[in-house]
Amino acid sequence: MMERERSAALLFVACLVGLLVGVFEKPASAQAPSPSTDLPAAQNPMVHGLAPLPAGKKVPLADRPPGASAGDGGPSPVIFPAQKLTIRFNHKKHKALGISCTTCHDKARASRVSSDSLLPKATRCDACHGSDHRVRGAVRAGSDLIGQCGFCHIGYRETDGQRTLPFSIPPPNLKFNHAVHLERNIDCAQCHGNVENVELATADQLPRMRGCFGCHQMPVPARGTARGECATCHLTERGGMLRSNFASGTLIPPRWLHNAAHGPDWIERHKAVAGADSQFCSNCHTDKYCMDCHDGRVRPLKVHPNDWLNMHPIAARQNNPDCRSCHHEQSFCLGCHQRAGVTMTGPYANFAGRGNFHPPKAIWTDPPRTSAHHAWEAQRNINACVSCHVERDCAICHATARVGGRGIGGGGIIGQGVNPHPTGFRSRCAGALRRNARPCLVCHDPADPKLLDCR
Amino acid sequence: MLSTALVVLGLGVAPTTAAAYETEVDATTDAQFYTLRSPYGEPTLRRRRYTQTLGLAVYGIQGDSVPYGPELSFKARMRLDVDFGQRIEERDPNRGAQFGDRFVPGLEQAPLDLMYAYLEGRNYAGGYLGFRLGRQYVIDALGMWAFDGALARLTTPVFLQFEALAGFEERGGLPLSTPRWEGDGVYRGDRTGYDYDRWPMFLEAKKPAPAWGFAIETTGVQFVHGRLSYRKVINRDTVVVAPFADAGQGFRTVGGSRVSSERLGYAVRAEANRLGALNGNVVYDFYVQRVSEYRVGLDWYTTDEITLGAEHEYYLPTFDGDSIFNWFSQQGMSTSTGRATFTPSRRFDVGASGGVRTFRTEGNSGQYALNGGDRSETGTLHDLLADLGGRYRWSDGSTGLRGMLETGARGHRVGADLTTNKNFDEGLYDTLLVLSLYDWSDELRPERGVTSFTYVVGGGFYPLEQTRLGLEWEHSINDLVGQRFRVLATLDVAVLR
């Protein structure tokens, strides 16, 4: 019994030591095949295949996929989620040995969906590397350096029982049909760049959207299958709208695509893009998305920050932002201003006994027209006036006496209305009168000689 | 809870058997509580708002979906917008004797509107024909607009598509409609129940306003895109002209068809892949017979990280053809800005812009009274403006700063917002924090200048996929209001079938 307990104790201690050794043991390199330190770096296989190019060299632009640019940071990580590459692989070396792309990636010929894995099975490596991957868990290493497990499997340790570090190339958030492209004799390099000049092919060798547009810009009626619509390549949701939210992030257009980079000033810039292309925005956004701001009932904080109720008068006069982008002034603005008593014509009880909103009448409305006269404000930005005033407020003075306007002299019977028309109006008044006489008749009697002049 | 009921109702309408088509029903509920006090102290408006929208979309009505083949879908959204804070005397003209005159023409407590409802077909006739039928939006150089009617789109093999539309403009005085999309500058609505001499300046809007137009747009060319749009809308209601009674205590009216708006616009953008982009637009208003706006912008993709740009914009306010305000617009305003954006990584970007806005007047405001009202000289007033924005995003959140300045002879406004969003528990919860500091002055109303601090804290919870329950608290502190509070509660529910 005592012997059994002692054995158990020894076993426990051995396990503990083993565990501690395991914890503090240095990773794989100790178990990996020893490189020959005598070889120059260029010939030393251990320094190759761990990065696109050895010694941190950058892949020349000519070898990167079409559409790549010097500082683009690779393709979109939203479309191509982050990869875990725990395999040493030297494409350049393999190509130099006369191995073509499809020798290993033969599944590409028949692949019709992007979720297909096009990586070769490990057994494909065995013929040259001398290894034997046929039985999982009982893989046999080759005799040469290149046949050792740790040669290809980064971080491999013999003590881990043939376990390798996780390797993953997540499927792209994209539609892609390799077979169709190959059937059309589209060479791998046309999308992936010159992988034969690269050692480890990383996400940087994956296609760029800008490169796709080399072919995918056929006008819709010209047909063909290389169509330029977003949904040709991008995943869609109901109604054909692009899916833009993924676990890997949110899809936003690059700046070169319709000048539509959704940068920090996009809120000021977006109207230029939306106005020029009737359907571009609707690739990703629903009607509701646009109307939440442009016809919304909840104040968007991005547009109207802080105490907007008190700040908005100065913003409206500055026309920044333009109220009419989202509001109808003679209903939305005026209705609230009438309720709050901030109007000239409105419910009497709401503004009875209040002070002046504008400067005193002697300055604001009466002649002579000083620099603080309302006429200048009206000319600067008439929208600000329209948000509080109805036409009656203006017609009181600007209408001619014969239609009830008070005129310059006041009292409704003396003098002529104050002419608000811009310079050059005479040349346009006939056309305006012909199209719509109503505003003319607000201020002018039908028999007014000035009106007759326009006829 | 009403939203839940509406969704359930929507589900009742939606098919439950297997079908080629897909249905999407969603509802949003917003409840807002805040108080608005007149700058004169009284009246005080208690805003107790409840807004409910209900959306329905059906896709794949055509049957089996074929790539690039015909597609037929239907989309609709209704909205109920209630303000429980309104007082009855604001809507009932006969309560004046009891409460004083507080009647506001056109004010409704619970307007119900159909935001959009259209049947859309795409890729018909071999891919050459598309159409929309029903209430729909149009977005182009002429602005955003909504109408009830039909739009047909013909795509040709020569890089052009043609569009024609006809119908009636959405107008506030009509059932299930808002005035949001009609021409501005006219105070109008449904006058049913009004005596002829009661609020004569509130014009009748009862008859549908016919509208038609066309567009020619490029298609299939990546480096350049342009759209030419023309639209005409006709007013038909008989309305009062001068808002003053004549000797016989009557009001002169005008009726018949007349132009509400008639405009032609063109917008274009052109890109050189790595070099930059050029964009611009111009709008001509046939009623006013003037160019009412134009804009030209240039962007230079200086490096992969830096974009430099410049823009010049001109804007002359124009209005519905029934409005006298068209004839008070004189010189318009123009804005010239330069901008730069720096995007060193996908997580971080920053942008800045600055420029000047020029308001022009006929006559020099400082000299006008002295030089006998000489209107030949153009007076100018300038505002300086600047914006600064930057964002940093990480996997489950972002923080951003937006600052702005506009200052000129009539006052200034300067301030910034710092906004942070963060999700927790893999998006099960989201949070919002906004800190906002602004200072403004109004030279025409010096007593209304103030420095104001506001913070917003909010959060959301997703009890089910596609369902979010949110709450926001907003607190403003400044000398004008002392303390102002606003509470926003939201419930968004979507059911996909």
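Let me begin with a term: a residue counts as buried if 20 or more other C-beta atoms lie within 10 Å of its own. With that in hand, the buried residues of helix α17 in chain A are A:Glu391, A:Arg392, A:Cys394, A:Ala395, A:Ile396 and A:His398. That helix runs over residues 391-398 and is mostly covered, with six of its eight residues buried, and the partner against which these buried residues pack is α19, residues 438-443 of chain A.

I should say at once that this is a predicted model, with an ipTM of 0.94 and a pTM of 0.89. For chain B the average pLDDT is 91, and 96% of the residues score at least 70. There is, however, a stretch to set aside, residues 6-18 of chain B, over which the pLDDT is below 50, although in the model this stretch has 15 contacts beyond near neighbours in sequence. Where pLDDT is low, the predicted coordinates should not be read in detail.

Let me turn to the two chains. Chain A comes to 20 helices and two strands, whereas chain B has three helices and 26 strands. In chain A, buried residues make up 31% of the 455 residues; in chain B, they make up 40% of the 497 residues. If we take contacts between residues at least 6 apart in sequence, then 55% of those in chain A join residues at least 24 apart, and for chain B the corresponding figure is 49%.

What radius of gyration does chain B have, set against that of a compact globule with 497 residues? The value for chain B is 26 Å, and the globule would be near 23 Å, so the two are taken to agree. Along its principal axes, the C-alpha trace of chain B spans about 75 × 55 × 55 Å.

Within chain B, I would like to dwell on strand β14, residues 258-272, which is mostly covered, since 11 of its 15 residues meet the cut-off for being buried. On one pairing, strand β11, residues 224-235 of chain B, joins β14(B) in the antiparallel sense over 12 bridges, and here B:Asn235 stands opposite B:Arg258 in β14(B). Another pairing takes β14(B) to strand β15, residues 276-285 of chain B, again antiparallel, through 10 bridges, and in this case B:Glu271 stands opposite B:Ala277 in β15(B). The link between β14(B) and β15(B) is a hairpin of three residues.

A further local point in chain B concerns B:Tyr128, which lies in the loop between β4 (112-124) and β5 (129-140). Is B:Tyr128 buried or exposed? The answer falls between those words: B:Tyr128 has 15 other C-beta atoms within 10 Å, and is therefore partly exposed. In sequence B:Tyr128 and B:Pro157 are 29 residues apart, while in space their C-alpha atoms are 8.6 Å apart.

Finally, the contact between the chains. How many residues does each chain bring to this contact? Chain B gives 143 residues and chain A gives 110 residues. On the side of chain B that touches chain A, the classes are 57 nonpolar, 46 polar and 40 charged residues. The size of an interface is often given as the accessible area lost when the parts come together, but what I have quoted for this contact are residue numbers, 143 from chain B and 110 from chain A.

Conventions:
Residues are numbered from 1 along each chain as its sequence is written. Chains are lettered from A and ligands numbered from 1 in the order in which they are written. This is a predicted model: local features need pLDDT of at least 70, side-chain atom pairs count only at pLDDT 80 or more; totals for chains, interfaces and linings use all residues. Helices (H or I, at least four residues) and strands (E, at least two) are DSSP runs, numbered from the N terminus. A residue is buried if 20 or more other C-beta atoms lie within 10 Å of its own, exposed if 12 or fewer, and partly exposed in between; C-beta atoms are placed from the backbone. pLDDT is the predictor's confidence in each residue, from 0 to 100. Two residues are in contact if their C-beta atoms, placed from the backbone, lie within 7 Å. Ala, Val, Leu, Ile, Met, Phe, Trp, Tyr, Cys and Pro count as nonpolar, Asp, Glu, Lys and Arg as charged, and the others, Gly among them, as polar. The radius of gyration is taken over C-alpha atoms; the globule rule is 2.2 Å times the number of residues to the power 0.38. Two strands pair if DSSP finds at least two bridges between them.
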